[in-house]
Amino acid sequence: MSSAAPFGSPLHVGQPNIGNRDRFLELTAQALDRRWLTNDGPLVRDLEARIALYLGVKHCVAVVNGTVALEIGIRALGMSGEVIVPSYTFVATAHALRWLGLVPVFADIDPTTHALDPAAVRRAITPATTGIIGVHLWGRPAPVLELESVAREHDLALMFDAAHAFGVSSGGRMVGSFGDAEIFSFHATKFFNSIEGGAITTDDDEVARRARLMRNFGFVAEDTVVSDGTNGKMSEISAAMGIANLEVVDDIIRVNRRNHALYTRESEDIPGVTVLPIADDERSNYQYVVLMVDESCAVGRDEIIGRLRENNVLARRYFWPGCHRMEPYRTLDPRASERLPETERVADRVVVLPTGMNVDEDSIRRVMSIVRESVVGA
Ligand code: T4K
């Protein structure tokens with residue numbers, strides 16, 4: 001236990017940001033009155049238009065969650081055979097490929113950005129490679145320009161998993177229109193949420209057309225099916241939450257940014273730990289506060305997590321141990337670790353701390369005093 005009182009109720013990573021409750025209830029009542037609850041309803045269309053405008057991208061196709069967005073995006077881009085992905089990501093990135101019968105090929109990350117290392121991507125290309133999926137992990141943009149060059153040189157499709165990167169820019173341009181398509185998750189734990197939800201965004205008319213068809217079983221008319229498809233439809237209730245949250249997105253950024261800055265300041269006198277920095281010259285959502293525990297730190301990452309948990313702070317080890325050490329990938333490629341030294345090193349050092357609208361400055365000071373005591377008192 002820390003000398004400060006433990007938190008009375010658990011402080012979670014991922015507690016949802018709930019913007020304007022009254023607006024959500026008003027939009028939900030409208031949907032109920034209309035008796036139009038899903039399948040390309042007016043709230044979904046409104047949300048899509050607002051997101052496209054916010055991100056400066058031509059098309060936004062809203063879907064039921066980020067995983068289905070990945071699956072539809074992969075199909076809409078015509079990926080097949082092998083696709084290069086980081087292992088250091090949420091397992092959905094790899095699972096979406098495997099679920100569709102493709103082979104995720106894991107490439108190593110850059111230890112400073114935690115994103116795919118373009119040189120490792122080049123090394124992983126084989127004659128069976130058809131695509132690359134980069135991940136903007138923690139809302140920090142992947143090296144978009146370098147990955148676009150690799151994709152162009154080798155004639156590969158390029159998609160970005162932007163599940164963490166709603167409201168983030170790279171080189172002054174909003175994430176959403178890089179590569180051939182990008183996908184988002186609007187899961188409850190995300191910076192911007194629609195309870196469950198996601199989207200495929202693209203500037204490519206043909207990719208958007210395919211994604212729209214696939215979202216609704218390939219229907220173009222009441223009894224005419226023209227392509228493969230699935231049920232990826234977002235409900236009107238999710239869209240109501242999305243619109244209500246989008247209207248206050250800048251307030252959420254302000255709180256997250258304040259929290260990130262305070263965590264950073266509080267970490268400065270603790271030897272061996274650092275809060276992963278976010279570039280000041282770009283827009284960010286500051287949704288992930290990632291504490292890196294150096295090899296020089298007096299205690300290990302898991303001891304810090306353990307001490308936080310004893311005090312009711314439910315910090316997370318995202319995305320330990322890396323997809324390549326999870327099934328079925330571990331069994332399929334037991335030697336993958338040899339190619340992924342940076343992934344392994346980073347996965348062993350990360351602690352994700354609670355933030356969001358529900359986390360105030362006093363809580364942050366208390367969280368960091370628990371970290372301080374566990375390091376300095378060791
Ligand atoms: N790509 C990437 C890079 C992703 O990170 C994700 C999802 C995806 C793709 C796929 O998108 P989706 O298909 O999920 O839309 C969570 C989320 O389930 C997952 O959406 C997210 N990434 C991942 C990073 O985190 P878990 O296993 O940690 O979820 P869960 O439900 O345990 O929630 C985490 C914490 O949040 C809990 O400790 C408690 C808190 N929480 C959660 C919910 C749902 C709440 O306080 N209230 C809530 O309503 O995976």
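Here is a walk through the ligand site and a few backbone oddities of this structure, which is a predicted model.

Let's start with the ligand. The space it takes up is the largest pocket, and 23 residues surround it. Thr 67, Asp 161, Ser 185, Lys 190 and Tyr 318 are the closest of these. Sorted by class, the shell comes out as 13 polar, seven nonpolar and three charged residues. Two helices are worth picking out on screen: H3 (66-76) and H4 (92-99) each put at least two residues into that shell.

Why does the ligand lie between the two domains? Both domain 1 (21-246) and domain 2 (249-376) give residues to the shell, so the ligand ends up between them.

Now zoom in on the polar atoms. The side chain of Lys 190 has an N or O atom 2.7 Å from a nitrogen atom of the ligand. On the oxygen side, Arg 316 places a side-chain N or O atom 3.0 Å from a ligand oxygen, while a polar side-chain atom of His 12 sits 3.3 Å from an oxygen atom of the ligand. On its own the ligand has 910 Å² of accessible area, and the protein covers 74% of that.

Then there's the backbone. Most peptide bonds are trans, and most residues other than glycine have a negative phi. The loop between strand E15 (313-314) and helix H11 (329-332) holds Pro 321, and the bond leading to Pro 321 from Trp 320 is cis, with omega near 0 degrees. Pro 328 is also in the loop between E15 and H11; a cis bond joins Pro 328 to Glu 327, with omega about 5 degrees.

Finally, look at His 114, in the loop between strand E4 (103-107) and helix H5 (118-124). Its phi is positive, near 65 degrees, and it isn't a glycine.

Key. Residues are numbered from 1 along each chain as its sequence is written. This is a predicted model: local features need pLDDT of at least 70, side-chain atom pairs count only at pLDDT 80 or more; totals for chains, interfaces and linings use all residues. Side-chain values use heavy atoms; hydrogens and water are left out. A residue is near a molecule or strand if one of its heavy atoms lies within 4 Å of it. A polar contact is a pair of N or O atoms within 3.5 Å; within protein, one must be able to donate a hydrogen and the other to accept it, and residues adjacent in sequence count only if both atoms are side-chain atoms. Accessible areas come from the Shrake-Rupley method with a 1.4 Å probe; for residues, only the protein chains shown count as cover. On a 1 Å grid over the protein atoms alone, a cavity is a set of points where a 1.4 Å probe fits but cannot get out, and a pocket is an open set with protein on both sides within 12 Å along at least five of seven lines; lining residues have an atom within 4 Å of a point. A molecule sits in a cavity or pocket if more than half of its atoms lie within 2 Å of its grid points. Helices (H or I, at least four residues) and strands (E, at least two) are DSSP runs, numbered from the N terminus. Ala, Val, Leu, Ile, Met, Phe, Trp, Tyr, Cys and Pro count as nonpolar, Asp, Glu, Lys and Arg as charged, and the others, Gly among them, as polar. Domain bounds come from an automatic or database domain assignment.
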